[in-house]
Amino acid sequence: MLWVGTSWKMNGTLAWARDYAGRLREALADGAPEGVQPFVIPPATVLAAVHEVLGEDSPVLLGAQNAHWAEAGAWTGEISVGQAADAGAELIEIGHSERREFFAETDDTVNRKVRATLRQGLRPLLCVGEPGAVFDAGGSVDHVVGQVDAALAGVSDLSTILIAYEPIWAIGEHGREARAGDIAAVFAALASEYGERVAAILYGGSVNQRNAAETLAVPGVGGLFVGRSAWRVEGYLELLEIASGLVRA
Ligand code: PGA
């Protein structure tokens with residue numbers, strides 16, 4: 001089983017989200033492509049609408065891009081895991097590099113959020129990845145394994161957890177596409193440490209329809225976490241098909 005998902009980041013109006021979800025529902029009316037688990041992580045403002053359009057029996061798992069560790073209270077601007085679940089989320093994205101860099105997310109807050117998500121029966125999608133300078137210095141494995149160790153401290157059952165390895169130097173418009181050789185060592189390390197215990201370990205960062213198959217062929221890669229290349233529903237569907245083709249081959 002390969003996991004293939006997208007976060008829309010801070011993009012999309014209600015109208016845009018409903019249109020995307022409607023076309024996704026239509027395309028997946030007979031179920032997800034064989035061997036693939038799709039997931040979509042919209043902004044919180046459109047989560048409930050996307051959930052409604054996809055419908056209860058959709059093969060697409062929905063997620064939130066962040067959630068607070070507390071169940072409720074005076075945390076202006078935040079949403080709780082329970083609120084995300086109420087709007088249709090089954091998965092919580094935690095620790096994306098943009099949140100670590102710009103919103104003071106630390107290994108400690110990431111760990112609190114992972115534990116809160118599990119406590120409330122949702123699935124954490126834990127994002128980790130090293131900056132370019134660490135990659136250049138050959139420190140990727142230590143950096144990334146350290147982030148995962150910190151995020152999962154005190155957690156004994158990891159079976160529902162997804163890890164997304166997203167090197168910061170590969171993410172976004174100014175990112176450099178990673179080649180298999182750039183990421184193989186991190187996947188080998190994560191797979192040997194966590195491969196048997198977590199649900200899957202995904203790759204993210206400038207994934208597109210051209211490089212997806214090469215990335216999925218790296219040992220230990222259990223799926224893709226995609227930004228820009230899945231913001232058109234046709235692009236996302238193409239990635240689901242590429243992954244399914246590899247599973248069926
Ligand atoms: P990108 O984003 O695919 O647009 O590089 C990836 C991510 O941040 O998860």
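**Around the ligand**

Colleague: How far from an oxygen atom of the ligand does a polar side-chain atom of Glu166 lie?
Modeller: This is a predicted model, in which local features need pLDDT of at least 70, side-chain atom pairs count only at pLDDT 80 or more, and totals for chains, interfaces and linings use all residues. Residues are numbered from 1 along each chain as its sequence is written, and side-chain values use heavy atoms, with hydrogens and water left out. For Glu166, the polar side-chain atom and the ligand oxygen form a polar contact (a pair of N or O atoms within 3.5 Å). Their separation is 2.5 Å.

Colleague: Which residue has a side-chain N or O atom 2.6 Å from an oxygen atom of the ligand?
Modeller: His96 also reaches a ligand oxygen with an N or O atom of its side chain, but there the distance is 2.7 Å. The residue at 2.6 Å is Arg228.

Colleague: How much of the area that the ligand exposes when taken alone does the protein bury?
Modeller: Accessible area here follows the Shrake-Rupley method with a 1.4 Å probe. Taken alone, the ligand exposes 280 Å², and the share of this that the protein buries is 99%.

Colleague: In which pocket does the ligand sit?
Modeller: The ligand is surrounded by residues (each with a heavy atom within 4 Å) that include Lys9, Ile171, Gly172, Gly227 and Arg228. Those five also lie nearest the centre of a pocket lined by 19 residues, with a volume of about 270 Å³. With sitting taken as more than half of its atoms lying within 2 Å of the grid points, the ligand is in the second largest pocket.

Notes. Polar contact = N/O pair within 3.5 Å; in protein donor to acceptor, adjacent residues only side chain to side chain. 1 Å grid on protein atoms, 1.4 Å probe; cavity = no way out; pocket = protein on both sides within 12 Å on 5 of 7 lines; lining within 4 Å. Points joined across faces, edges and corners; volume = space filled by probe spheres on them.
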